[in-house]
Amino acid sequence: SIKTGEPFSEKNKFPDLKSPWTRDGNVFGMIFLKELQTLSIFLQYRELKFISEIIEHETGSVPHKIIRLQGGDINQVYHCFTKNNQLVVKVNIAGKFPNMFEKEKKGLELLKPSNFLIPKIFSIGSFRKLDYLILEYIKPGKAINWEKFGENLANLHLITNEKFGLAYDNYIGSINQINTYENNWLNFYTN
């Protein structure tokens, strides 16, 4: 009978699978793990190929470097380097969150009068069952100046409207956010 060997270790990420059978460990488990690794690499390659094709279609430039960024659970986000630009591409499954990126664009446009640095929007579209938003890449700062942040936030709150709400609904995360205009903040937040 085959005995289960030690768990797959960091020092042995890609085991030698020359022998189709062993008494020391679970070769079938190692083969399955190797297949999963191969599938993961294939999916990452396909993902990056789609991102490259989107950038080339929208800008005419082929990215020479693409880095998947961390964070968020709704969209996949990539930092793309082309000859003349650094861009951020956000993608999600087409139709899963209808008009999410159009609404995000409108939201960013609403923030432009503020003192915050708002990324330029290059384009929005759909490609191979993916919706995407391409934005300017903004290099992260080294440290937050909390005093300046507080001033900018206070100035942002000086941008007002006659009513509470928006002319359109949008999203808060993956949840549809209803923004029907109300005459006062209490009715807006409770409705």
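Trainee: What makes the pairing of the side chains of K90 and E104 a polar contact?

Mentor: A polar contact is a pair of N or O atoms within 3.5 Å, where, within protein, one atom must be able to donate a hydrogen and the other to accept it, and residues adjacent in sequence count only if both atoms are side-chain atoms. The side chains of K90 and E104 make such a contact at 2.9 Å, so the pair falls within the 3.5 Å limit. Keep in mind that this is a predicted model, in which local features need pLDDT of at least 70 and side-chain atom pairs count only at pLDDT 80 or more, while totals for chains, interfaces and linings use all residues. Residues are numbered from 1 along each chain as its sequence is written, and side-chain values use heavy atoms, with hydrogens and water left out.

Trainee: Why is K90 counted as buried?

Mentor: Buried means under 20% relative accessible area, exposed means over 50%, and partly exposed lies in between, with a 1.4 Å probe and protein chains only. K90 has 15% relative accessibility, which is under 20%, and therefore counts as buried. Across the protein, buried residues make up 25% of the 191 residues.

Trainee: Which residues are in contact with K90, once its neighbours within four places in sequence are left aside?

Mentor: Contact means heavy atoms within 4.5 Å, and by that rule K90 is in contact with N75, Q76, V77, F101, E104, D131, Y132, L133 and L135. K90 itself is found in strand β3, and V77 of β2 is its bridge partner.

Trainee: How do you know that β2 and β3 are paired strands?

Mentor: Strands are DSSP runs of E with at least two residues, helices are runs of H or I with at least four, and both are numbered from the N terminus; two strands pair if DSSP finds at least two bridges between them. β2 (residues 76-81) and β3 (residues 86-93) have six bridges in the antiparallel sense, so the requirement of at least two is met. The pairing of β1 with β2 is likewise antiparallel and has five bridges, with C80 in β2 as the partner of I66. In the hairpin of these two strands, which has six residues between them, G71 takes a positive phi near 105 degrees.

Trainee: What makes β1 and β4 the edge strands of the sheet?

Mentor: Five strands form an open sheet in the order β1-β2-β3-β5-β4, with antiparallel pairing, and β1 (65-69) and β4 (121-127) each pair on one side only. The protein as a whole has four helices and seven strands.

Trainee: Why is β5 described as largely enclosed by the rest of the structure?

Mentor: Six of the seven residues of β5 are buried, and the description follows because of that. On one side β5 pairs with β3 over seven bridges, in the antiparallel sense, with V89 standing opposite I134; β5 also pairs with β4 over six bridges, again antiparallel, where I134 is the bridge partner of S123.

Trainee: What makes R128 stand out in the turn between β4 and β5?

Mentor: β4 and β5 form a hairpin with two residues between them, and R128 in the turn has a positive phi of about 45 degrees. Most residues other than glycine have a negative phi. K129, in the loop between β4 and β5, also has a positive phi, of about 65 degrees, although it is not a glycine. R128 has 48% relative accessibility, between the two limits, and so counts as partly exposed, whereas K129, at 71%, is over 50% and therefore exposed.

Trainee: What makes up the largest nonpolar core?

Mentor: A nonpolar core is a set of buried Ala, Val, Leu, Ile, Met, Phe, Trp, Tyr and Cys residues joined through side-chain atoms within 4.5 Å. The largest one here has eleven residues, V77, V88, F97, M100, F101, L108, I118, I121, L133, L135 and Y171. The elements that give two or more residues to this core are α2 (100-111) and β5 (130-136), and α2 gives the most, with three. Apart from it lies another core of ten residues, including I51, C80, V89 and V91.
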